[in-house]
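Hi,

Here is the structure I said I would pass on. Have a look at it first, and then read my notes underneath.

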Amino acid sequence: LEATSWLTFIARGGIDNYNDFRTSFFPMFSSSTRSDGEYFEEVRRLENLTIDIIGRAQSNIGESINASYTLGFGHNDRKRHTLFTRATDFTFNTRLKDFGTLSTDEFVSSTNSKSFFKSDRIFGVAAFNYDYTFFLNFSGAYETFSSASEGVFYPAVDLAWNFTRAKIFDNSFLSYGKLRASFGQVGVAPQRHRFDTTFETFTYSDYDDPLDITYFGGGFRFDDDKGNPDLKPEIKTEFEVGADFKFFKDKLGLNLTYYNNRVKDILLNVALSPSSGFNNQYKNAGELKNSGLEIDWDFNILQQRDYGVTLYGNFNNNKNEVIDLAGTSSVDLTGGSISSRAIVGQPVGVLFGTRALRNDDGSFALDEFGFPQLDPEQGILGDPNPDWRGGLGLGANFKGIRFNILFETSQGNDYAERTRFILRNFGTHTDVGNEVTLSQDMYNVRGDLFTAGETVRGNIDDFGAGPVLLDERWYTTKGGGFGSSVINEFAIGDGSWTRLREVSLGYTLNSKGLREKTKLGAIDFSITGRNLKLWTDVIGVDPEINQTGVSNGFGIDYFTNPTTRSYVFTLKITY
């Protein structure tokens with residue numbers, strides 16, 4: 001709506017509803033715990049309502065200063081509803097299509113969960129520029145969340161100078177140059193429904209004998225996760241400086257940014273003393289700082305009307321450190337024999353677990369047979385944060401044909417190969433099936449002597465006192481498996497990787513004849529392949545995956561599904 005020549009209003013809204021229906025069926029005599037048959041039925045419904053109202057005004061201050069002002073309001077309302085039904089212990093080996101009428105002799109349980117989240121936001125921006133040379137912007141936003149006890153205000157300011165507007169840069173090899181600096185804050189809302197301590201269903205179990213309360217008619221217990229009515233958003237405050245350049249009549253572009261930020265009131269699940277009656281509490285419990293350099297560039301190798309070739313890339317080297325954890329020195333982010341943790345003074349997510357005993361000089365403290373010994377104290381095993389990440393791509397076009405290829409890499413990050421470590425314990429990983437003929441006498445970890453010329457199954461290694469035999473005794477004690485009696489340090493490896501992230505090929509048909517004969521504006525065809533090739537020293541698994549998915553803890557594999565390789569075909573018709 002254009003109210004006047006200098007004032008406009010925008011009102012927009014959207015409703016997004018999503019329904020997902022899933023079934024799973026395991027007939028009787030299936031493997032593991034499903035030998036008596038099992039059937040799942042799950043219905044998921046998601047609703048999302050958004051409303052935005054924005055007013056914009058423009059004015060001039062004198063002859064050289066242009067100004068614009070924006071004031072707006074935003075509302076978001078999200079609802080999720082999940083209905084889950086489970087049937088087990090079939091009285092006969094039924095078929096999937098027979099589940100319209102379940103027999104009452106079969107055990108049936110169901111769960112019905114609902115969640116709600118709402119946020120409201122008021123924001124404003126005042127932007128000024130002087131002769132399109134100096135730019136100054138002020139902005140602020142006040143936001144409230146249904147999952148937080150209080151609202152929060154985010155201020156921001158940024159300044160830029162296009163110094164190539166000066167006449168001394170006319171006809172220079174530097175065709176564009178801008179210096180910029182900014183300061184601002186952003187927030188992350190707490191997870192929903194964490195205010196109150198509620199009730200929960202429960203299962204007590206070990207590997208052999210689960211005790212599920214639903215088998216005894218159902219029931220609830222007081223939740224062992226303590227509610228927190230004082231939750232507030234975590235706040236990131238960032239300062240950055242940068243420069244943007246274009247050289248040789250815009251053929252080469254270079255952008256540089258240095259940033260430094262601090263995140264306060266980080267939201268974490270913090271362990272409590274069991275004597276309190278609770279195991280964990282979700283709370284604002286941490287402080288973290290980040291700094292790093294970001295570089296991206298592009299070079300137009302060829303640029304003509306009907307064809308062109310562009311080489312482009314990027315680089316970043318984020319460094320972070322945990323500053324505070326609300327009085328504790330360590331917070332477990334994932335759990336497990338090897339955990340990813342937040343530890344004061346360390347990068348977030350460092351890998352923690354059992355390790356080998358070491359001498360003062362850092363070498364292994366070996367036993368009489370030349371094998372490492374277990375350190376009685378657990379410690380840091382590695383850092384899953386990369387030293388740097390980057391990408392390199394090539395794009396080309398010829399008339400209506402276009403092509404793009406992109407490589408990405410992550411270097412210097414450690415990775416916990418728990419799947420491989422566990423399979424070694426069971427003797428089912430390929431690297432424990434080697435047969436070697438000994439060239440000299442060797443001991444195994446139990447002290448058994450194997451003489452030169454013997455052929456044995458296993459591997460040979462040297463921990464610092466000469467070659468030793470890594471056979472079944474090693475992989476089923478210190479060198480593989482579960483728990484605190486193994487040396488989990490030996491599951492840590494170099495998780496660096498390089499991958500062919502994407503290849504795409506497309507063609508756009510938009511000739512004059514097409515428009516005259518079909519009344520169509522254009523027809524666009526494309527095919528894209530993602531995650532096509534991986535180069536890494538990690539064996540048998542993709543080091544980009546993570547046991548706990550997208551979370552604060554990372555760098556651990558434990559029988560996790562690999563990254564998907566995908567092919568996408570696209571047809572776009574423009575009228």
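Below is what I found, going from the whole chain down to single residues.

First, a caveat: this is a predicted model. The protein has 575 residues, and 35% of them are buried. I get three helices and 37 strands. The C-alpha trace spans about 90 × 65 × 65 Å along its principal axes. As for how the chain folds back on itself, take the contacts between residues at least 6 apart in sequence: 64% of these join residues at least 24 apart.

**Cores**

The largest nonpolar core has 12 residues. On the list are V263, I266, L268, V270, A285, L288, V322, L325, V331, L333, A342 and V348. A second core, of 11 residues, lies apart from that one, and A356, V432, L470 and Y475 are among its members. In soluble globular proteins, nonpolar side chains tend to be buried together.

If you want one residue to click on in the 12-residue core, try V348. Leaving out anything up to four places away in sequence, V348 touches L288, N320, V322, L333, R341, A342, N385 and F554.

**The second largest pocket**

You may want to look at this one with a docking grid in mind. The second largest pocket holds about 620 Å³ of space. Its lining is made up of 24 residues, and those nearest the centre are R192, H193, R194, T198 and D223. By class, the lining has 12 polar, eight charged and four nonpolar residues.

Which strand gives the most to that lining? That is β4, with six residues. The elements that each supply at least two lining residues are β4 (107-130), β8 (199-200), β12 (225-226) and β16 (280-284).

**Helix α1**

Helix α1 covers residues 418-426, and seven of its nine residues are buried, so the rest of the structure largely encloses it. The buried ones are R418, T419, R420, F421, I422, R424 and N425. They pack against β26 (414-417), α2 (472-475) and β36 (556-557). Right after α1 comes G427, with a positive phi near 75°.

**G400 and N404**

These two are worth viewing together. G400 lies in the loop between β24 (388-398) and β25, while N404 is found in strand β25 itself, which runs over residues 401-411.

Are they buried or exposed? N404 has 18% relative accessibility and counts as buried, because the cut-off is under 20%. G400, with a relative accessible area of 22%, is partly exposed.

Beyond its neighbours within four places in sequence, G400 is in contact with G506, Y507 and T508. Its C-alpha atom is also separated by 8.2 Å from that of D306, although G400 and D306 are 94 residues apart along the chain.

For N404, the contacts that are not within four places in sequence are Y312, L394, G395, E502, V503 and S504. With Y312 there is a polar contact too: the two side chains are joined at 2.9 Å.

That covers what I have for now. Shout if you would like to go through any of it together.

Cheers

Notes
Residues are numbered from 1 along each chain as its sequence is written. This is a predicted model: local features need pLDDT of at least 70, side-chain atom pairs count only at pLDDT 80 or more; totals for chains, interfaces and linings use all residues. Side-chain values use heavy atoms; hydrogens and water are left out. Helices (H or I, at least four residues) and strands (E, at least two) are DSSP runs, numbered from the N terminus. Buried means under 20% relative accessible area, exposed over 50%, partly exposed in between (1.4 Å probe, protein chains only). A polar contact is a pair of N or O atoms within 3.5 Å; within protein, one must be able to donate a hydrogen and the other to accept it, and residues adjacent in sequence count only if both atoms are side-chain atoms. Contact means heavy atoms within 4.5 Å. A nonpolar core is a set of buried Ala, Val, Leu, Ile, Met, Phe, Trp, Tyr and Cys residues joined through side-chain atoms within 4.5 Å. On a 1 Å grid over the protein atoms alone, a cavity is a set of points where a 1.4 Å probe fits but cannot get out, and a pocket is an open set with protein on both sides within 12 Å along at least five of seven lines; lining residues have an atom within 4 Å of a point. Grid points are joined across faces, edges and corners, and a volume is the space filled by probe spheres set on the points. Ala, Val, Leu, Ile, Met, Phe, Trp, Tyr, Cys and Pro count as nonpolar, Asp, Glu, Lys and Arg as charged, and the others, Gly among them, as polar.
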